[in-house]
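Good morning, everyone, and thank you for making the time. I would like to walk you through the side-chain contacts in one structure, beginning with the rings and then turning to the charges.

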Amino acid sequence: NIPSVVILPFENKGDSKENFYAYGISSDIISDITGIGQLRVASLSSVEELQKEGLKNKEIAEKLSSRYVVSGSLWKIDSIFQLSMELFDVQKQKLLTSQRWEMNWKDLAYLKRDLSKKIIEGLNIKIINELDSKSSINPIAYELYLKGKHTFKKRQKIEDIEVARDLFLKALELDSNFIEARYIFGSTYLDSDIEIAMKHFKLALNKANDFDDKKTKMDINLAMGRIYDAQMEIDQTLKLLRESYEISKEIGNKSSMADVMNELGRHFWQRRISDSARYYFSGAYDIIKELGDKDKLLRNRNNMALIHWEFENDIEKGISNFEESISYIEELEVKSVTAPYINLGIIYLNNKRNFKRSKELFNTVLKNASSVDNKNDLIFGNYWLGIYNLQLLEHEKAVKYLNESYKLSTDLGFERLKSNSLAYLIACHQYLNNKPNVKSYFDKSYEIKPI
């Protein structure tokens, strides 16, 4: 078995407004260590959730099936940082290493690397992929990046996203080679402006190739693969996802292997290739169970529910899995994930004929997606509220929602959703005997790429 470790969020012993330092450094260390291979690292979201429940460090390790625990504290006094770190073996009840640092604020980015190396040395593991030590980071840019990452991760409203973007842009103005800042800046546009996201992903990918940054290449290939999949660029989708999967295997990053397998499963599910979809979703689930990652589990439970519902015609098992996924969403307060609400709403609309419940679920999608400017999910929410009203023969209300879905999917270049919205808009206007609109929308159908 590969070593398993929990890295607890570092405790900030200074001013609460500087919590972003402790959060950001903990997050970066997890990212570094998952990238070197031969280690299973619990996700930060899973650890935070267990801490909210009041569990002690040993209990957290047991819950996440991890043998080792890393804990630490950080205190900023003017321009000086005092930091301590301990690595504890829960199984042997033994402290493996304890380190203390005191350094100037400008050296904080290098401290993060040193921390990662000390943890790896303390675990005495073989490194597949060396930690990056070639590039240097502007200290002010690194602080802005930490603030931006903390703000974006903890976002609750659109304004939080704008603040985070501004911080990332300022970091990039100071350090144009800061690959992580470029990548995460692009990620903030994934749900709202695909062109901007792709522009910055490609810039980050060029830098990652220059520095041979395998982990970032893996992450960017996955993100771009998702975009191409939505745009029906099948060859590009599979090329990028398979490249990402090969890198994740090469560097031993099981967390990313699960992400790519989930995405490949979704790709094949959309094309109704059931055996391939089930293979990838099930493979991802096996990894996620081992990792104990609730954030990934909520997405995978939604995916497995699709298998039960669509391919096995087991609606009750599908409902159970969608409800489980929603329970994780609400537990972790993840407003950016709405697919289980959409899917469950479809079942209550089409299979259960429970119109009240389906409307509640679709409205939840619009509410959560609007709060974090998730245009991708706004498409789905509007589309299914359009179908809901169509089934009630409320054609004018249906047109309102379907128009919004069509407009958003056109803006984002999502061909399948654009095509579906357009088909129902034509049907609605035919029913309303609005011949000019029927002709106008029918003419637009020639713009749709083949699916």
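Let me start with the aromatic residues, where the structure holds 16 aromatic pairs. One of them brings together Y21 and F81, whose ring centres are 4.9 Å apart with the planes at 75°, so this pair is edge-to-face. Because Y21 belongs to helix α1 (residues 19-34) while F81 belongs to strand β5 (residues 80-89), the contact ties together parts that are 60 residues apart in sequence. Both partners are out of reach of solvent by our criterion, in that Y21 is buried and F81 is buried as well. I should say at this point that we are looking at a predicted model, and I would ask you to keep that in mind throughout.

A second edge-to-face pair is made by Y279 and Y280, with 5.0 Å from centre to centre and 80° between the planes. Here the two partners fall into separate classes, since Y279 counts as exposed at 55% relative accessibility, whereas Y280, with a relative accessible area of 17%, is buried. Elsewhere, Y142, Y145, F168 and F178 form one aromatic cluster.

Rings also meet charges in this model. The charged end of R155 sits over the ring of F152, 4.0 Å from the centre of that ring, and R272 lies over the face of W269, at 4.7 Å from the ring centre.

That brings me to the salt bridges, of which the count comes to 25. In helix α11 (residues 254-270), E263 and R266 lie 3 residues apart, about one turn of the helix, and they form a salt bridge whose closest N and O atoms are 2.8 Å apart. E263 counts as buried because its relative accessibility is 6%, while R266, at 29%, counts as partly exposed.

Helix α12 (residues 274-291) offers a similar spacing, with D275 and R278 again 3 residues apart, about one turn of the helix, and their side chains meet in a salt bridge at 3.7 Å, N to O. In this case D275 counts as exposed, at 59% relative accessibility, and R278 as partly exposed, at 27%.

Finally, salt bridges that share partners join D212, K214, K217 and E250 into one network. Within that group, K217 forms a salt bridge with D212, with 3.6 Å between the closest N and O atoms; K217 is buried at 16% relative accessibility, and D212 is partly exposed at 42%.

Conventions. Residues numbered from 1 in each chain as written. Predicted model: local features only at pLDDT ≥ 70, side-chain atom pairs only at ≥ 80, totals over all residues. Heavy atoms only, no water. Salt bridge = Lys/Arg side-chain N within 4 Å of Asp/Glu carboxyl O. Buried < 20%, exposed > 50% of the residue type's maximum accessible area, 1.4 Å probe, protein only. Helix = DSSP H or I, 4+ residues; strand = E, 2+ residues; numbered from the N terminus. Phe/Tyr/Trp six-rings, centres within 6.5 Å; stacked < 30°, edge-to-face > 60°. Lys NZ or Arg CZ within 6 Å of the ring centre and 35° of its normal.
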